[in-house]
Amino acid sequence: MKTNLKYIFGVFLVLLLTLSSCTQETYSLGDLTAPSNIVVNTEVVGQDATHPNGDGSGSVKISVTGDNALSYKIDYDANTAVDLVYLPNATATKKYTTLGINTYRITVVAYGKGGSSTNVTKDVTVRSDFTVDASIVTALTNNASKTWVVDKSVAGQLGVGPWNVDSINPEWWAAGVNEKVASANGFYTATFTFAKVTGTGTYSLQVTTPDGAFTKTGSLTTLPGIPSSGDEGCYPYGGGTSAFSFIPASSGAPAVASKPANSPSTQTSILLSGVNTFIGYGAVQKEYEILVITSTYLYVRVQGTETGNAWYLKLKPVL
């Protein structure tokens, strides 16, 4: 009898443990309160009683604070196409480059739990006095318009290296001659026409992509219509036109190479407006630092889509 009781008790215990282990756990995202009390703080560099719109550098230090915000994206100028970019550490320094005193509307999107978001805007007025060297304008635009292509006939027409000032060269990888012909020939057939707009002192870039745009996908490019996922390659893209401006290079690269392996820099960058143009490689960043430029050669670098990378591009004029 005792043996039967033990057996029955044992079966009961096993059933109890089985039932308790099958109990479904429930999960909760918690309170999905949208970010609130979002404040955009701006400090115009060099601003004082004598210089109410700054020192002419066009630089503005931006920081964002708020409650229940997990991350932020920012659009620096509502006058151009929307271009929301990630704001790391909720801080940035932006160089505005339109000559003279101009007012820009900053838009910040704060993201909270479960995809909730809150938008805020702030206007900032800043002065920019930067004047690009005339020889750079002449070489790039021929003081009218000039079309360039990636030069597949030279080694290193595409390269990758670290994004810093100690190594201004593609030390990690550099393409060989005709490297991408078989896999992504659109990289070589896309054309980039830089124009100086007579009478206004402004500049424009027209991109034509007969065989698609050479780019990555998803969040690694800003080009509209590119697939959300896929490998690096050429994707159908109708091209586009945007304004661009010349700005002081933000990388801090020296004008004279500090190390024998380094490239020099003109300390001038091409800054594209909007999201539908690119130079050579359709990435996220829109500032292309001009390392070297002559009437027959353009060597630029742009901060890569992956943190810490710099992409290098060599172009030549279309004759």
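## Strands and salt bridges

Let's start with one residue: Arg105 counts as partly exposed, at 40% relative accessibility. That puts Arg105 in the middle class, because buried means under 20% and exposed means over 50%. Keep in mind while you look around that this is a predicted model.

What does the side chain of Arg105 meet in a salt bridge? The partner is Asp123, with N and O 2.7 Å apart. This pair ties together distant parts of the chain, since Arg105 belongs to strand 6 and Asp123 to strand 7, with their positions 18 residues apart in sequence. Asp123 is partly exposed as well, at 39% relative accessibility. As a general idea, side chains of opposite charge can pair when their charged atoms come close.

**The sheet around Arg105**

Now zoom out to the strands. Strands 4, 3, 6 and 7 make an open sheet, lined up in the order 4-3-6-7, with antiparallel pairing. Strand 4 (85-86) and strand 7 (117-128) are the edge strands: each has a single partner, so one side of each has no neighbour in the sheet. What holds such an arrangement together? Strands of a sheet pair through backbone hydrogen bonds, either parallel or antiparallel.

You can walk across this sheet one pairing at a time. Begin at strand 4, which pairs with strand 3 in the antiparallel sense over two bridges. Here Tyr86 in strand 4 stands opposite Lys73. Next, strand 3 (residues 71-75) runs antiparallel to strand 6, and five bridges join them. Lys73 turns up again here, as its bridge partner in strand 6 is Val109. How many bridges join strand 6 (residues 100-111) and strand 7? There are 12, again in the antiparallel sense. Val109 is part of this step too, with Asn119 as its bridge partner in strand 7. If you want a trail to follow in the viewer, try Tyr86 to Lys73, then Lys73 to Val109, and finally Val109 to Asn119.

**Another pair of strands**

Strand 2 (residues 59-67) and strand 5 also pair antiparallel, over five bridges. One spot to check is Ser59, whose bridge partner in strand 5 is Lys95. Strand 5 (residues 91-95) has a neat side-chain pattern: Ala92 and Lys94 point to one face and are buried, while Thr91, Thr93 and Lys95 point to the other face and are not buried. Why the back-and-forth? In a regular strand the side chains alternate between the two faces of the sheet.

**More salt bridges**

The count of salt bridges in the model comes to five. Here are three of them, including the one you have already met.

| Salt bridge | N to O distance |
|---|---|
| Arg105 and Asp123 | 2.7 Å |
| Arg127 and Asp129 | 2.8 Å |
| Lys316 and Asp151 | 3.7 Å |

The Lys316 and Asp151 pair links distant parts of the chain, 165 residues apart: Lys316 lies in strand 19 (residues 309-317), and Asp151 lies in the loop between strand 8 (145-150) and strand 9 (158-162). Is Asp151 buried or exposed? Asp151 counts as buried, at 11% relative accessibility, while Lys316 is partly exposed at 32%. As for Asp129, it is partly exposed at 41%.

**Three more residues to look up**

Strand 19 is also home to Asn309. Asn309 is buried, with a relative accessible area of 15%. Beyond its neighbours within four places in sequence, Asn309 is in contact with Val160, Gly161, Trp163, Trp172, Val302, Gln303 and Gly304.

Ala34 sits in the loop between helix 1 (2-21) and strand 1 (36-44), and is partly exposed at 32% relative accessible area. Which residues does Ala34 contact, leaving aside those within four places in sequence? They are Asn68, Ser116, Ser117 and Thr118. Take Ser117 as an example: it is 83 residues from Ala34 along the chain, yet their C-alpha atoms are separated by 5.7 Å.

Last up is Val256, in the loop between strand 15 (240-248) and strand 16 (268-272). Val256 is exposed, with 65% relative accessible area. Thr266 is 10 residues from Val256 in sequence, and their C-alpha atoms are 8.8 Å apart in space.

Notes: Residues numbered from 1 in each chain as written. Predicted model: local features only at pLDDT ≥ 70, side-chain atom pairs only at ≥ 80, totals over all residues. Heavy atoms only, no water. Pairing = 2+ DSSP bridges. Helix = DSSP H or I, 4+ residues; strand = E, 2+ residues; numbered from the N terminus. Buried < 20%, exposed > 50% of the residue type's maximum accessible area, 1.4 Å probe, protein only. Contact = heavy atoms within 4.5 Å. Salt bridge = Lys/Arg side-chain N within 4 Å of Asp/Glu carboxyl O.
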